[in-house]
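Hello,

Here is the structure I promised to pass on to you. Have a look at it first, and then read on for my notes.

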Amino acid sequence: MNKPNIYACSLMLISFLSVYSPNFADNTNSTTIDINGEKMNFVLKTFEQNGNKRWEIQCNGNNCYAQPLQNSNIYAFKLFFDANKYCKNIYKNASKGNWHKNIVHYDTDSDNAMTTVETLANKDTCIELSVTNGEPIMAFLRTTNAEVSKNATGYALIGMSPDEVESILGTYQTQVENDVPSMVYSFYIDGGSMYELNLGLDDGRVSEIMISNDAPGECGQKSGERTYCDGDIPEGWYTQGTVTAVKLNVRKEPKTGEVIAKIGIEHPEMMFAETRDTGDEYKWVKILTKSDNLKNYSKPVEGWVYGKFISPSFKNFDYRNSFLNCFEYFDWLQDLLEMPDSDELGKPDENNKSISTKKWNNKGIILKSYVYESGESYMFAGELTKDNYAFAGLKVGDSLNKLKEFDKNLNKAGFILADGNNISDNTVIRWLNKESSSDDGYNHEIEIETKLGKINKISFSR
C-alpha cells in the first residue's frame, strides 16, 4: 500500500469518540493533527438539512470528512488518533508484555496480499491492527480495564454512570442487544463506513468499552476473528489448532487436575471443544488430539491445557468450518471411546469398501464408517440419543427455543431447512447445504427429531 493510501485508510478509520462540552459554542471547531509526518487540518461544520441539524468534519478543505450522528466537537474526532497511537505502541512493544498474539493473513485478493490482521489479547483487553508493509492501523479495541481506557481515550469510562459519561461525551444512542444495554457514539465516514464507540452497561455502570471499525468501505479492510478476546469457543462448535509449547501438560481437569499426558509442537492437529475461566491470564481449553500411527500417537488424548500455549485456527473460525469440524470431532472421538457395545461390519462392496456400525449404548452414540481393504476408515454418519455430547451447539434434551437458535447458526453455516420443514414439536426436521457440494466434496445433512417439546435425537451424515 503506498503512502497516500495509508493516509486514506487512517482517515477512513477515524471514528467513534464523541465528546460534548458544556461550552460547545466557545470551543475551537478546527484542529491540526500530525499523521505520519503530514499536517492534516480538520474542521467541524454544522448544517441545516430538511429542517434538521447535521454535523460534518472536513479534512484539508473537503477531501475527506466524517459525519457524527450526535452533537460533537472536533476533539471527539481527535480522540481516535490517540487510541490509534496507543494501540500502535502496544503493537511495537507487545513482546514486553503478557500478550497473546494471533495473525490472520488475507487470502482474498491481490490488493490485500501484503496485509495481515494481528490480534493482541490478554485477560481484559483485545486489540486488532491491520498491518500493511509493517505499518499498523487500529481496527478494534475492546477492554474492561479503566487504565487501558484512560491511556487510549483520555477517559477511564469503566465504572461511570450514563450521566457521568454524557457529561463528558455528550448525547448518545441507546442500544439493547440480548437484553444488554449500551451507550453508542457513532461516526459515518465518507465512503460508506460506520465506526462506533460502544459502552456496555452492567447494573447501571459502564463495564466494557469497544471501539470498532464496522464497515471498512474504501480501505477494503476486514476485521479478523475476535474469538480470543475472551477465549470463548461456542459450546459444541469445534475449531482446530496446534500447540506452541515444547512440552505441554494435558490435565484431567483445568489448572490443578492430574496430568494425563504431555504434548508438544510436533504433535498432530487437535480440536478445541470448550473453554473454562479459572481466573488465570488465559482460559483453559479442552482439547481432543488426533491419533497418528506414523508419529507414534496411536491413541488420541482428551483433556485440558492452558490457553497461553495453543494457537487456534481462528482465521477458519466461522460457523461453516465449525460445523464441518463437528464431523471430524466425532471421527476422532471414536478412537478415544471405550470398546463399543456392538460393532457390525457389513460385506465389502464392488469398491472393497465395507460399512462399520459402532454403538455405545451408555453414551447414546452410533457412528457409521466406511472401512476400506487397506484398513483405513472414514466416518460418514452418526446419531446422538443422549446429552453426553453436543453437535453444532445442540444436545439431546435441548428445548425448541434452543433449536431456533441452532437454526440461525446453521444459516450462518450455509444450511437451510429442507422444503416443507419448520421448527415444530413431535416431528423430524432436516437441514440441507445451500451449496451443491460441500467444502470437502461431501454434501452434509443434519436431521433433528423433536418429542414433547425437546430434542429427542440428532442425526448427521456426509
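**What turned up**

Setting aside neighbours within four places in sequence, Thr-427 is in contact with Ile-448, Glu-449 and Thr-450. Please keep in mind as you read that this is a predicted model.

To find Thr-427, go to the loop between strand E24 (415–417) and strand E25 (428–433). Thr-427 is partly exposed, with a relative accessible area of 25%. From Thr-427 to Leu-452 the C-alpha atoms are 9.9 Å apart in space, while the two residues are 25 apart in sequence.

One of those contacts of Thr-427, Glu-449, leads on to the salt bridges. The structure holds eight of them. In one, the side chains of Glu-449 and Lys-457 meet, at 3.9 Å from N to O. Glu-449 counts as partly exposed because its relative accessibility is 25%. Lys-457 also forms a salt bridge with Glu-383, where the closest N and O atoms are 4.0 Å apart. Lys-457 lies in strand E27 (residues 454–461) and Glu-383 in strand E23, so this pair ties together parts that are 74 residues apart in sequence. Both ends of that pair count as partly exposed: Lys-457 has 24% relative accessibility, and Glu-383 has 23%.

Which residues do salt bridges with shared partners join into one network? They are Glu-328, Asp-331 and Arg-462.

Asp-331 is a good way into the second largest pocket, since you will meet this residue there again. That pocket has a volume of about 460 Å³. Its lining is made of 16 residues, and those closest to the pocket centre are Asp-331, Asp-335, Glu-376, Ser-377 and Tyr-378. At least two lining residues come from each of helix H5 (319–333), strand E21 (353–360), strand E22 (365–372) and strand E23 (377–384). H5 gives the largest share, with three residues. Sorted by class, the lining of this pocket has seven charged, six polar and three nonpolar residues. Strand E23 may sound familiar: Glu-383, the partner of Lys-457, lies in that strand.

Now please turn to helix H4 (residues 162–169). Which of its residues are buried? Pro-162, Val-165, Ile-168 and Leu-169 are. Looking down the axis of H4, you will find these buried residues within an arc of 125°, so they line one face of the helix. As a reminder, an α-helix has 3.6 residues a turn, so residues three or four places apart point the same way. What do the buried residues of H4 pack against? The answer is strand E10 (180–189), strand E11 (193–202) and strand E12 (205–213). Just after the helix, Gly-170 takes a positive phi of about 85°.

H4 has a salt bridge too. Glu-164 pairs with Arg-205, and their closest N and O atoms are 3.1 Å apart. This pair links distant parts of the chain, with Glu-164 in helix H4 and Arg-205 in strand E12, 41 residues apart. Glu-164 is partly exposed, at a relative accessible area of 36%, and Arg-205 is partly exposed as well, at 38%. Strand E12 therefore appears twice around H4: the buried residues of the helix pack against this strand, with E10 and E11, and Arg-205 of E12 is in the salt bridge with Glu-164.

Enjoy looking around, and do write back with any questions.

Best wishes

Terms used. Residues numbered from 1 in each chain as written. Predicted model: local features only at pLDDT ≥ 70, side-chain atom pairs only at ≥ 80, totals over all residues. Heavy atoms only, no water. 1 Å grid on protein atoms, 1.4 Å probe; cavity = no way out; pocket = protein on both sides within 12 Å on 5 of 7 lines; lining within 4 Å. Points joined across faces, edges and corners; volume = space filled by probe spheres on them. Helix = DSSP H or I, 4+ residues; strand = E, 2+ residues; numbered from the N terminus. Nonpolar A, V, L, I, M, F, W, Y, C, P; charged D, E, K, R; others polar. Buried < 20%, exposed > 50% of the residue type's maximum accessible area, 1.4 Å probe, protein only. Contact = heavy atoms within 4.5 Å. Arc of directions from axis to C-beta.
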